[in-house]
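Please walk through this protein with me, starting from a pair of helices and moving on to its charged pairs.

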Amino acid sequence: MKYYFIVNPNSGKVNKSKLENNIRSACLKREIPYEIKYTKKAGDAKGLARKIPDEECVVFSVGGDGNLNEVLNGIADSEHKILGNIPAGSGNDFDKTLAKQQSGIINIDLGRINNRFFINMACLGVDADVANNIGFIRKKKWIPVGQRYHASLIYTYFKYKFKNLKITMGETQVENECTILAIGNGQYYGGGFRIAPHALLDDGMLDIYFVEKLPKPKIIPLLIKLLREKHESSPWVKRYREKKITVDSEELCTFNVDGETMHSNHFEIQIFPSRLKVFNDRNFIEEII
């Protein structure tokens with residue numbers, strides 16, 4: 001079985017020379033044929049993954065969660081391709097949940113939001129805007145790399161506009177302005193916030209967290225609770241578990257989906273149980289990193 005590595009060379013932890021040496025060493029030791037492909041721009045990872053011959057192989061994303069989502073969407077229609085992940089980005093949220101699973105090739109659930117697949121998290125609200133605004137903050141070269149998230153948090157806090165949503169989950173319907181809506185297959189997002197501590201990759205369910213409109217002075221304390229994994233004790237945080245959820249808004253909204261953005265005023269989100277094979281040999285992954 002051949003291994004393919006689709007690398008985002010701009011990911012924070014990618015050292016091209018070291019990476020190639022590690023891949024060569026790990027694969028030669030196991031007598032595995034391999035091929036390395038590099039992305040040049042957004043969308044390349046999906047296209048490269050789709051062009052790989054539709055036969056049993058492992059297609060690794062080497063980069064962050066956004067690169068992983070592109071690779072996923074390039075192979076999701078294949079019955080033979082197995083998804084691998086070498087976490088070389090700044091957040092690597094999906095890997096934090098995957099690392100808790102058994103070693104080997106495992107079957108996990110696959111989420112879909114409209115026409116895009118996801119395996120970790122889809123979110124809308126202040127938390128999603130913080131993630132989306134990092135792209136704007138990144139252009140401010142005077143802001144240190146390690147402070148980009150905090151800068152985006154402050155920027156979003158003052159710029160955030162609450163979204164009025166109609167959310168349908170089975171027999172439950174919620175109509176309210178939204179501070180946070182997080183829909184998890186995995187547990188982590190935002191570079192380490194464990195928003196969905198009970199989520200499992202193989203239970204066939206989505207863990208949904210909703211926070212209605214809060215006075216802005218209450219948002220920062222809530223985010224601090226989230227950072228400390230104490231948010232479920234807050235009376236503002238409502239948790240649901242469903243297989244399907246629809247979200248409607250009269251205005252255009254932006255979902256952050258595994259680090260990528262989607263814009264619409266109508267979203268249909270559902271889970272497909274045990275739909276995806278994922279490579280999870282932790283020894284191999286650690287050798288590449």
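**Two helices and several charged pairs**

Helix 6 and helix 7 are roughly antiparallel to each other. The model is a predicted one. Helix 6 covers residues 148-159, and helix 7 covers residues 216-227. Their axes come within 10 Å and cross at roughly 150 degrees. An angle over 145 degrees counts as roughly antiparallel, and that is why the two helices get this label. The crossing of helix 6 past helix 7 is right-handed.

Now look at the residues that touch. Helix 6 brings L153, Y157, F158 and K159. Helix 7 answers with K216, P217, I219, I220 and L223. Seven of the residues in this contact are nonpolar, two are charged and none is polar.

Next come the charged pairs. Side chains of opposite charge can pair when their charged atoms come close. The structure holds 14 salt bridges. Three of them follow, each named with its partners.

Start with K29 and E287. Their side chains meet in a salt bridge, 3.2 Å from N to O. This pair links distant parts of the chain, 258 residues apart. K29 lies in helix 1 (residues 16-29), while E287 lies in helix 8 (residues 282-288). How exposed is K29? Its relative accessible area is 56%, so K29 is exposed. E287 has a relative accessible area of 28% and is therefore partly exposed.

Move on to D129 and K163. Their closest N and O atoms are 3.0 Å apart, and the two form a salt bridge. Here a helix is tied to a strand: D129 sits in helix 5 (residues 126-138) and K163 in strand 8 (residues 163-169). The partners are 34 residues apart in the chain. Are these two buried or exposed? D129 is buried, because its relative accessible area is 14%. K163 is buried too, with a value of 11%. The cut-off for buried is under 20%.

Finish with R241 and D203. Their side chains meet in a salt bridge of 3.1 Å, N to O. R241 belongs to strand 11 (residues 237-242). D203 is in the loop between strand 9 (172-184) and strand 10 (206-212). The pair links distant parts of the chain, 38 residues apart. R241 counts as partly exposed at 35% relative accessibility. D203 is also partly exposed, at 24%. What joins D203, D207, R239 and R241 into one network? Salt bridges that share partners do.

Notes. Residues are numbered from 1 along each chain as its sequence is written. This is a predicted model: local features need pLDDT of at least 70, side-chain atom pairs count only at pLDDT 80 or more; totals for chains, interfaces and linings use all residues. Side-chain values use heavy atoms; hydrogens and water are left out. Axes are lines fitted to C-alpha atoms, for helices over the stretch in contact, and angles run from 0 to 180 degrees between N-to-C directions. Helices (H or I, at least four residues) and strands (E, at least two) are DSSP runs, numbered from the N terminus. Angles under 35 degrees count as roughly parallel, over 145 as roughly antiparallel, 65 to 115 as roughly perpendicular and the rest as oblique. A crossing is left-handed if the near helix is turned anticlockwise from the far one by less than a right angle, and right-handed if clockwise. Contact means heavy atoms within 4.5 Å. Ala, Val, Leu, Ile, Met, Phe, Trp, Tyr, Cys and Pro count as nonpolar, Asp, Glu, Lys and Arg as charged, and the others, Gly among them, as polar. A salt bridge is a side-chain nitrogen of Lys or Arg within 4 Å of a carboxyl oxygen of Asp or Glu. Buried means under 20% relative accessible area, exposed over 50%, partly exposed in between (1.4 Å probe, protein chains only).
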